[in-house]
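Biologist: I should like a close look at a single part of this model, the place where the protein meets the DNA. Please describe it in words that a first-year student can follow.

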2 protein chains.
Amino acid sequence: MFVEERQQRILQRLREQGKVTVEELMGDFGVSAPTVRADLAALETRRLLRRTHGGALPPATSLYEPTYAERVGTQPGEKRRIGKAAARLVRPGETVILDAGTTAHEVGVALAARGISGVTVVTNNLPTAVALMEAPGIEVIVIGGLAHLHRRAMLGPLAADFLHRVHADRVFLGANGVDAQVGLTVVDFDAALVKRAMIAHAAEVVVIADSTKICQVAFAQVAPVSVVTCLITDDASLDESVEAALLDAGVGLIERV
Amino acid sequence: MFVEERQQRILQRLREQGKVTVEELMGDFGVSAPTVRADLAALETRRLLRRTHGGALPPATSLYEPTYAERVGTQPGEKRRIGKAAARLVRPGETVILDAGTTAHEVGVALAARGISGVTVVTNNLPTAVALMEAPGIEVIVIGGLAHLHRRAMLGPLAADFLHRVHADRVFLGANGVDAQVGLTVVDFDAALVKRAMIAHAAEVVVIADSTKICQVAFAQVAPVSVVTCLITDDASLDESVEAALLDAGVGLIERV
DNA sequence: AAACACTTTCGTTTTCTTTCGTTTTCGCTT
DNA sequence: AAGCGAAAACGAAAGAAAACGAAAGTGTTT
């Protein structure tokens with residue numbers, strides 16, 4: 001057993017089981033603890049893993065391994081169902097825009113899981129871009145612009161301008177508020193600017209918003225609800241009168257999942 | 001048993017069992033260890049295997065493009081030193097462009113480690129963008145464009161066009177080849193396009209290239225070396241005549257680390 | 001005799017283990 | 001919940017065994 005061989009096997013185990021312990025590696029390879037530690041140290045300097053007490057973990061890239069708000073996100077089940085329903089709208093060969101936010105991210109994940117082919121995804125959503133790059137059959141175009149740490153997305157005028165270069169069949173748009181009178185709203189201007197550009201460069205506008213966003217109004221207005229081709233939301237507590245008001249105001253279709 | 005014959009048999013065994021040891025080959029062929037080692041050394045220079053202590057392994061599979069994680073591991077020390085030296089050039093308040101590639105990534109990491117403030121980083125390097133977003137005092141502008149899986153970067157005409165919106169004090173540029181006559185070269189046109197745009201939109205051009213790139217020529221030409229303000233490379237095997245030729249051809253400064 | 005292939009020899013390097021003192025972690029007590 | 005102590009893990013250093021590279025020597029072939 002050569003050193004290189006052993007180190008490759010360590011990486012392989014790490015990929016398979018997500019972690020390795022010094023003790024386990026000692027037993028498996030029949031070498032002493034300092035030897036294992038030396039291997040781990042060598043691999044760490046090459047950034048192929050992260051050492052911990054007692055073993056090692058895969059390298060930390062907080063984005064790829066979202067311990068981020070996605071897990072603690074409100075209503076993870078609803079978001080996933082909305083994402084799956086939205087992904088079903090996409091046909092092979094289409095170009096779609098994916099907005100920032102965890103719900104749009106779920107659309108991307110569902111799209112990759114479907115194994116659809118020939119789809120081009122345009123997105124400012126960083127975790128989504130990273131995830132979809134790996135997916136076969138999906139081309140990813142990243143929207144450039146100022147990277148916003150907490151939103152994990154590119155926002156602002158540069159991002160909005162970038163969208164003038166592309167035209168998509170469909171945009172999957174998130175929003176902080178969806179109200180029949182006020183329209184779609186978000187919490188800041190930079191995001192509103194980008195969303196308006198997305199709407200302007202897509203043939204169909206699909207709004208994905210869980211039930212907590214309906215009838216809410218946030219700070220910055222994006223567009224009236226009349227631009228919305230389809231609204232996908234979860235079933236909970238969507239009043240019939242609210243639904244009627246939205247359809248009256250120009251929403252093309254409301255889908256509950 | 002001729003030398004050639006023996007070496008073929010070594011390769012055959014390697015294919016069959018995935019590894020060979022010096023001891024095993026000594027026994028099989030009835031020759032001494034130095035002879036076996038000479039055979040292995042000869043086969044290694046022809047890239048038909050990889051030597052290790054005690055034997056040899058098959059060459060790294062060139063069927064697949066090496067994964068990003070694997071490329072990060074090559075010459076980690078040199079890249080890191082180059083990255084640190086490059087990061088020292090940056091002053092607070094500057095705007096810098098960081099190219100794709102692992103060496104440019106190291107510049108970003110070193111920049112974040114310095115804790116420098118008020119710096120704006122413009123990059124198409126996805127891992128770098130993700131890493132620097134977390135760094136306090138650094139604003140990240142992501143260059144939009146088609147996301148390339150293996151390079152972990154945005155490339156192509158969209159990315160090149162995006163750069164027309166920005167002007168930077170400095171660009172840290174990688175290259176597959178740096179040659180006094182031919183200039184800077186890379187392996188594909190999409191990358192060359194972006195690099196030319198980076199050069200056009202930066203006041204100073206700092207090329208970061210480990211010693212294996214010097215005097216090499218790759219497929220797509222980027223620019224003559226006369227655009228280079230500063231070349232940062234590692235100390236190993238940089239001939240004085242080569243250095244003189246580069247300086248003659250218009251390189252402003254060569255820094256060895 | 002010259003060229004070539006191989007071996008022998010020897011000093012150096014690499015790899016691994018053992019040992020020991022220090023740090024971290026975790027469970028237990030208060 | 002906070003503090004304490006034992007056990008585990010860690011890093012560094014020293015030493016032994018194996019492998020390595022280079023150079024000189026041997027034998028065979030042409």
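By class, how many nonpolar, polar and charged residues does the surface near DNA strand D have?

Modeller: The model is a predicted one. In it, the surface near DNA strand D has two nonpolar, eight polar and five charged residues. The protein residues around this strand number 15, and A:Arg37, A:Arg51, A:Gly54, B:Arg37 and B:Gly54 are the closest. The part of the DNA that faces them can also be described. Sugar or phosphate makes up 85% of the atoms of DNA strand D that lie within 4 Å of the protein, while bases make up the rest.

Individual contacts give a more detailed picture. In chain A, a polar atom in the side chain of A:Arg51 is 3.0 Å from a phosphate oxygen of DNA strand D. In chain B, the side chain of B:Arg51 has an N or O atom 3.1 Å from a phosphate oxygen of this strand. A:Gly54 makes its contact through the backbone: one of its backbone N or O atoms lies 2.6 Å from a phosphate oxygen of DNA strand D. Two or more residues of the surface near DNA strand D come from each of three elements, namely α2 (22–29) of chain A, β2 (50–52) of chain A and β2 (50–52) of chain B.

DNA strand C may be described in a similar manner. There are 16 residues around DNA strand C, and those that come nearest are A:Ser32, A:Thr35, B:Arg6, B:Ser32 and B:Thr35. Of the atoms of DNA strand C within 4 Å of the protein, 81% belong to sugar and phosphate. By class, six nonpolar, eight polar and two charged residues form the surface near DNA strand C. The helices α1 (3–17) and α3 (33–45), in chain A and in chain B, each contribute at least two residues to that surface.

Three side chains of chain A illustrate the contacts with DNA strand C. An N or O atom in the side chain of A:Thr35 is 2.5 Å from a phosphate oxygen of the strand. For A:Arg6, an N or O atom of the side chain is 2.8 Å from a phosphate oxygen of DNA strand C. The side chain of A:His53 has an N or O atom 3.2 Å from a sugar or linking oxygen of the strand.

For context, the protein also contains a sheet to which both chains contribute. In general, the strands of a sheet pair through backbone hydrogen bonds, in a parallel or an antiparallel manner. The sheet here is open, has nine strands with mixed pairing, and follows the order β8(A)-β7(A)-β6(B)-β5(B)-β4(B)-β9(B)-β12(B)-β14(B)-β15(B). Its edge strands, each paired on one side only, are β8 (153–155) of chain A and β15 (254–256) of chain B. On average, and with direction ignored, neighbouring strands of the sheet are turned by 30° against each other. Strand β14 (residues 230–233) of chain B runs parallel to β15(B), and three bridges join the two. Within this pair, B:Ile232 has B:Glu255 as its bridge partner in β15(B).

Finally, the cysteines deserve a brief remark. Over all chains, the count of disulfides is zero. A:Cys215 is in no disulfide, and the nearest cysteine sulfur, in A:Cys230, is 17 Å away. In chain B, the sulfur of B:Cys215 is too far for a bond, because the closest cysteine sulfur, in B:Cys230, is 17 Å from it. B:Cys215 counts as partly exposed because its relative accessibility is 42%.

Methods
Residues numbered from 1 in each chain as written. Chains lettered and ligands numbered in written order. Predicted model: local features only at pLDDT ≥ 70, side-chain atom pairs only at ≥ 80, totals over all residues. Heavy atoms only, no water. Near = heavy atom within 4 Å. Polar contact = N/O pair within 3.5 Å; in protein donor to acceptor, adjacent residues only side chain to side chain. Helix = DSSP H or I, 4+ residues; strand = E, 2+ residues; numbered from the N terminus. Nonpolar A, V, L, I, M, F, W, Y, C, P; charged D, E, K, R; others polar. Disulfide = S-S within 2.5 Å. Buried < 20%, exposed > 50% of the residue type's maximum accessible area, 1.4 Å probe, protein only. Pairing = 2+ DSSP bridges. Axes fitted to C-alpha atoms, helices over the stretch in contact; angles between N-to-C directions.
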